[in-house]
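Trainee: Please give me a close look at one part of this structure, and follow it outward into what surrounds it. I would like the terms explained along the way.

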Amino acid sequence: MLAGWARGLLALDEAALVRIAFRDEPLRGKLTSAMKQSLYEGARAEGEARAALLQENGGALSLDEAAAHWGVQVRDSRGSAAAGLGLFAVFHEPAAIEIDVQNAADTDDALQKAGVYEALGAVPTRDILLAHELYHFLEFRDGAGFTAQKHVTLWRLGCFAYKSSVPSLQEIAAMAFAQKATGLACSPWLYNVFMLAPHNPQRALALFESMTGKAE
């Protein structure tokens, strides 16, 4: 089962990843296909650029070293994902990250048993989650960037216009940061399916079908 899902997800092209990234965007009705592509590329570039912050004084910091260096407390939890809460990891302002290490370990074990762990890049799921949440910390710490800019005009009245930021851009940037920081061979978006699989295979299947389907 998981091996088949991995093959299907690895076959997704960038257009599919753009669709997935904006699937739950509240403002998606305001975005054309061209706007989605442009915004996706801008957010991805910001995430990759911030990954360069892992280079300190000419040497590379590990994710845990970076967290300690930046004063971020990393806390391990167990069971929140299995309990159906969907909380694989979360950033708590101002400087704490909580990771469900049990579900991360179960995900790694399932991918290894399915024979796809190496094909995905052999990166521990915990590292992917830590990197993702470290991006959210940096975004909180450093303030506005591309992801916080107001890209969408909601309404106009004469010479006045009300614009809004696009919430999905933060997740796109965090995914790009995680992939760049860990060297993951595939998009971290795929792990949304893999991390559900150990304890909630029905939800994992539904998400797999949604991600590989054609419906917007």
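Mentor: I will start with a sheet, go on to the helices against it, and end with the salt bridges and a buried helix.

This is a predicted model, in which local features need pLDDT of at least 70, side-chain atom pairs count only at pLDDT 80 or more, and totals for chains, interfaces and linings use all residues. Residues are numbered from 1 along each chain as its sequence is written, and side-chain values use heavy atoms, with hydrogens and water left out.

The sheet is open and has three strands in the order E3-E5-E4, with mixed pairing. Strand E3 (73–77) and strand E4 (89–92) are the edge strands; each has a single partner, so one side of each lacks a neighbour in the sheet. From one strand to the next, the twist averages 20 degrees. Helices (H or I, at least four residues) and strands (E, at least two) are DSSP runs, numbered from the N terminus. Two strands count as paired if DSSP finds at least two bridges between them.

E3 and strand E5 (residues 96–100) run parallel and are joined by five bridges. One example is Gln-73, whose bridge partner in E5 is Ala-96.

Helix H5 (residues 101–113) packs on the sheet, where it touches E3 and E5, and its direction makes about 45 degrees with that of E5. Helix H6 (residues 125–142) also packs on the sheet; it touches E3, E4 and E5, and its direction makes about 25 degrees with that of E4. Contact here means heavy atoms within 4.5 Å. The angles run from 0 to 180 degrees between N-to-C directions, and the axes are lines fitted to C-alpha atoms, for helices over the stretch in contact.

H6 leads on to the salt bridges. A salt bridge is a side-chain nitrogen of Lys or Arg within 4 Å of a carboxyl oxygen of Asp or Glu, and a search of the whole structure finds seven. Arg-126 forms one with Asp-64, where the closest N and O atoms are 2.9 Å apart. This pair links distant parts of the chain, since Arg-126 is in helix H6 and Asp-64 is in helix H4 (residues 63–69), 62 residues apart. Asp-64 counts as partly exposed because its relative accessibility is 37%. Buried means under 20% relative accessible area, exposed means over 50%, and partly exposed lies in between (1.4 Å probe, protein chains only).

Another salt bridge pairs Asp-142 with Arg-141, with 2.7 Å between the closest N and O atoms. Asp-142 is partly exposed at 37% relative accessibility, and Arg-141 is partly exposed at 41%. Asp-64, Arg-126 and Asp-127 are joined into one network by salt bridges that share partners.

Arg-50 and Glu-46 form a further salt bridge, their closest N and O atoms being 3.4 Å apart. Both lie in helix H3, four residues apart, about one turn of the helix. An α-helix has 3.6 residues a turn, so residues three or four places apart point the same way. Arg-50 and Glu-46 are both buried.

H3 also belongs to the surroundings of helix H2. Helix H2 (residues 14–21) is largely enclosed by the rest of the structure, because six of its eight residues are buried. These are Ala-16, Leu-17, Val-18, Arg-19, Ile-20 and Ala-21. Their cover includes helix H3 (33–50), helix H7 (168–182) and helix H9 (201–212).
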